[in-house]
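User: I would like to learn how to read a few features of a protein model. Please show me the structure and take them one at a time.

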Amino acid sequence: MAGLPIRAHLSVGLLVVYMLWSMGHLGWGLYLAAVLLASILLHELAHSAVAIAFGGRVVSIELQLLGGAAMISRLPPRAWQETLMALAGPACSLALAAALLFGSVALGREVFDPWSQRVMVEANPYLAMAGFLNLGLGCFNLIPAFPMDGGRVLRSALECFGLGKLRATTVAVRVGQGIAVLWAGLWALSFLTGVEVPCPDAVTGFGAYLWELVFGVRSLLMPLIAYMIWVVGRRELAYVRATTAMGAWR
Ligand SMILES: [Zn+2]
C-alpha cells in the first residue's frame, strides 16, 4: 500500500478460526475477523503515516494473531513526535469507533417495543459490532504499558518533560508491570473466589462479550496479556539499557 509492504503472519488464520468458533456462526465469524484485521491495518497505517511525516522510516506492517505492528526502522527524531506517532493509532481507532457507532444508530431501524409501548431505534448490528471492536482496540492500546501504544506515549511524554531515555523507559516499564501484576492479581482473585468484575448494565450484546473476554474468569486473555506486558517490558528495558551503555562506551 503506497509502497509499504503489508504482511500477514500464518497465525492470522488462527484468529479467523477463533472468531468462527467463539461466534458460532460462519457469516458473523468471517465478518468479525475481516473487520478486526481491517481495523488493525488502519490503526497501524495511522502510526506509519505520522512516523513517515516526521521523518521516520517504516519497513512494513505485520498482522499477527495478537494484533499488528508497524515495523519502524527509524523513529522520528524528537520525543514529542514519537508521542504523536504513538497516539495516532488509538486516535484513528477511536475516531472510527465514533463514526461507526454513530452510523449504527443513524442507519438503525425503528421497532415497536411492546413493553414500553414506544418506538425504539434498533442499531445496525454490523456497524455497531465494528464500532465496539474499534472502541476496544483504541482503549486497549491506551493502557500505559509496553507493548501497547500507551507505554510508548508515557515514555516519550516523560522524555518531553526532560527525563533521559533510560529513566523514562524504566518508569514506563515499571508502571506497565504494576498494571500487569494488578491485572493478573484481579484475575487470580476472581478465579479463587468465583466473583467476577461485574459488567455494567449499559454494556450489552457484543460489548458484554468483549467484557467477558477481558474480565471473565474462563477467559485466559487477562493472565496472557499480563504475562506479555511483563515480558515485553523487561525486554524493552534491557534493550534501552544496552543501547545506552553502548552510547556511553562509544
Ligand atoms: Zn498502535
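User: Why is the arrangement of the 4 donor atoms around the zinc ion irregular?

Analyst: Four donors are tetrahedral if all angles lie between 85 and 135 degrees, and square planar if opposite donors are over 155 degrees apart and all others between 65 and 115; anything else is irregular. Here the 4 donor atoms subtend angles of 55 to 151°, which makes the arrangement irregular. This is a predicted model, where local features need pLDDT of at least 70 and side-chain atom pairs pLDDT 80 or more, while totals for chains, interfaces and linings use all residues. Residues are numbered from 1 along each chain as its sequence is written, and side-chain values use heavy atoms, without hydrogens or water.

User: Which residues coordinate the zinc ion?

Analyst: Donors are N, O and S atoms within 2.8 Å of the metal (3.2 Å for Na, K and Ca); water is not among the atoms, so sites may look incomplete. The zinc ion is held by His43 (NE2), His47 (NE2) and two OD atoms of Asp149, at 2.0 to 2.6 Å. His43 lies in helix H2 and Asp149 in helix H5, 106 residues apart; helices are DSSP runs (H or I) of at least four residues, numbered from the N terminus.

User: Are His43 and Asp149 buried or exposed?

Analyst: Buried means under 20% relative accessible area, exposed over 50%, partly exposed in between (1.4 Å probe, protein chains only). Both His43 and Asp149 are buried.

User: What about Val232: buried or exposed?

Analyst: Val232 is buried, with a relative accessible area of 16%. Its place is in helix H8 (residues 221-249).

Key: Tetrahedral: all angles 85-135°; square planar, octahedral: opposite > 155°, others 65-115°. Helix = DSSP H or I, 4+ residues; strand = E, 2+ residues; numbered from the N terminus.
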